[in-house]
Amino acid sequence: MANTEGAKFWLSVLTELNNRGVEDIFIACVDGLEGFSEAIEAVFPQAEVQVCIVHVVRNSLNYVSYKDRKAVVQDLKAIYHSPTLDAAAQALVSFTKKWDGTYPAIGQLWRRHWSEISTMFAYPKEIRRVIYTTNAIESVNRQIRKVIKTRGSFPTDEAAFKLLYLALENASKKWTMPIRNWKPALNRFTILFPGRVPM
């Protein structure tokens, strides 16, 4: 039931974005929210879904004792830093051979989400760096939470919206740097998604 409720909620959010003019999504980087991937596929069927690697690594480390963390992180890095999908799959096999005896849940987690973890391997490094994490979005969310936390309550909805607007305005002043490797990524998108990149 929870999965259906999650999918219904995200379906409504994405449908509203679509109704407001978002016509296409090439790649959606998600953090494993219930039903989000299914909703993306329903509203934007051409979109590819990439799970946030940072979240998968963090979730993996929930099972690891402190003394093994550094070694596990290094072995996980060998997976997601692999140059090809085949090399990543082999690195995952090596990881599970080494760690399944101690931490079987990690290998299960990576295998269960492999189709969404491995999306990025269809793309060159320029694009992988842009799509493999949701950290930029989380940074904005953190700034919004920080502003909301200082207020106990809001007298009206309009007051809440004004505060959110001002928080986003302040956050946007820090967005002076372009996305790293964006131009090579954009050039690749025009080749990989013919007819879908607005000119």
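Reader: What does the accessible surface of the chain come to, and how much of it belongs to carbon and sulfur atoms?

Author: In this model, which is predicted, the accessible surface of the chain comes to about 13,100 Å², and 57% of that belongs to carbon and sulfur atoms. Of the 199 residues in the chain, 36% are buried.

Reader: What makes up the secondary structure of the chain, and which pattern does it follow along the sequence?

Author: The chain has eleven helices and two strands, and reading along the sequence gives the pattern α-β-α-β-α-α-α-α-α-α-α-α-α.

Reader: Why is Arg 128 called buried?

Author: A residue is called buried when its relative accessible area is under 20%, and Arg 128 has a relative accessible area of 11%, so the word buried applies to Arg 128. This residue has its place in helix H8, which covers residues 125–131.

Reader: What makes the approach of the Arg 128 side chain to Ser 82 a polar contact?

Author: The cut-off for such a pair of N or O atoms is 3.5 Å, and the side chain of Arg 128 reaches the backbone oxygen of Ser 82 at 2.8 Å, so the distance falls within that cut-off. The backbone oxygen of Pro 83 lies 2.9 Å from a polar atom of the Arg 128 side chain, and this distance is also within 3.5 Å.

Reader: Which residues does Arg 128 touch, if those up to four places away in sequence are not counted?

Author: With that restriction, Arg 128 touches Ser 82, Pro 83 and Thr 84, and also Met 120, Phe 121 and Tyr 123.

Reader: How do you know whether helix H3 is largely enclosed or largely open?

Author: Seven of the nine residues of H3 are buried, and therefore this helix is largely enclosed by the rest of the structure. The buried residues of H3 are Ile 53, Val 54, His 55, Val 56, Val 57, Ser 60 and Leu 61.

Reader: Where does helix H3 appear in the lining of the second largest pocket, and which other helix is named with it?

Author: Helix H3 (53–61) and helix H2 (36–43) each supply at least two residues of that lining. The second largest pocket has a volume of about 270 Å³ and is lined by 17 residues, of which Gly 32, Leu 33, Ser 37, His 113 and Glu 116 lie nearest its centre.

Reader: How many residues of each class are in that lining?

Author: The lining of the second largest pocket has six nonpolar, seven polar and four charged residues. Among the residues nearest the centre, Leu 33 counts as nonpolar and Glu 116 as charged, because Leu and Glu are placed in those classes.

How values were computed
Residues are numbered from 1 along each chain as its sequence is written. This is a predicted model: local features need pLDDT of at least 70, side-chain atom pairs count only at pLDDT 80 or more; totals for chains, interfaces and linings use all residues. Side-chain values use heavy atoms; hydrogens and water are left out. Helices (H or I, at least four residues) and strands (E, at least two) are DSSP runs, numbered from the N terminus. Buried means under 20% relative accessible area, exposed over 50%, partly exposed in between (1.4 Å probe, protein chains only). Accessible areas come from the Shrake-Rupley method with a 1.4 Å probe; for residues, only the protein chains shown count as cover. On a 1 Å grid over the protein atoms alone, a cavity is a set of points where a 1.4 Å probe fits but cannot get out, and a pocket is an open set with protein on both sides within 12 Å along at least five of seven lines; lining residues have an atom within 4 Å of a point. Grid points are joined across faces, edges and corners, and a volume is the space filled by probe spheres set on the points. A polar contact is a pair of N or O atoms within 3.5 Å; within protein, one must be able to donate a hydrogen and the other to accept it, and residues adjacent in sequence count only if both atoms are side-chain atoms. Contact means heavy atoms within 4.5 Å.
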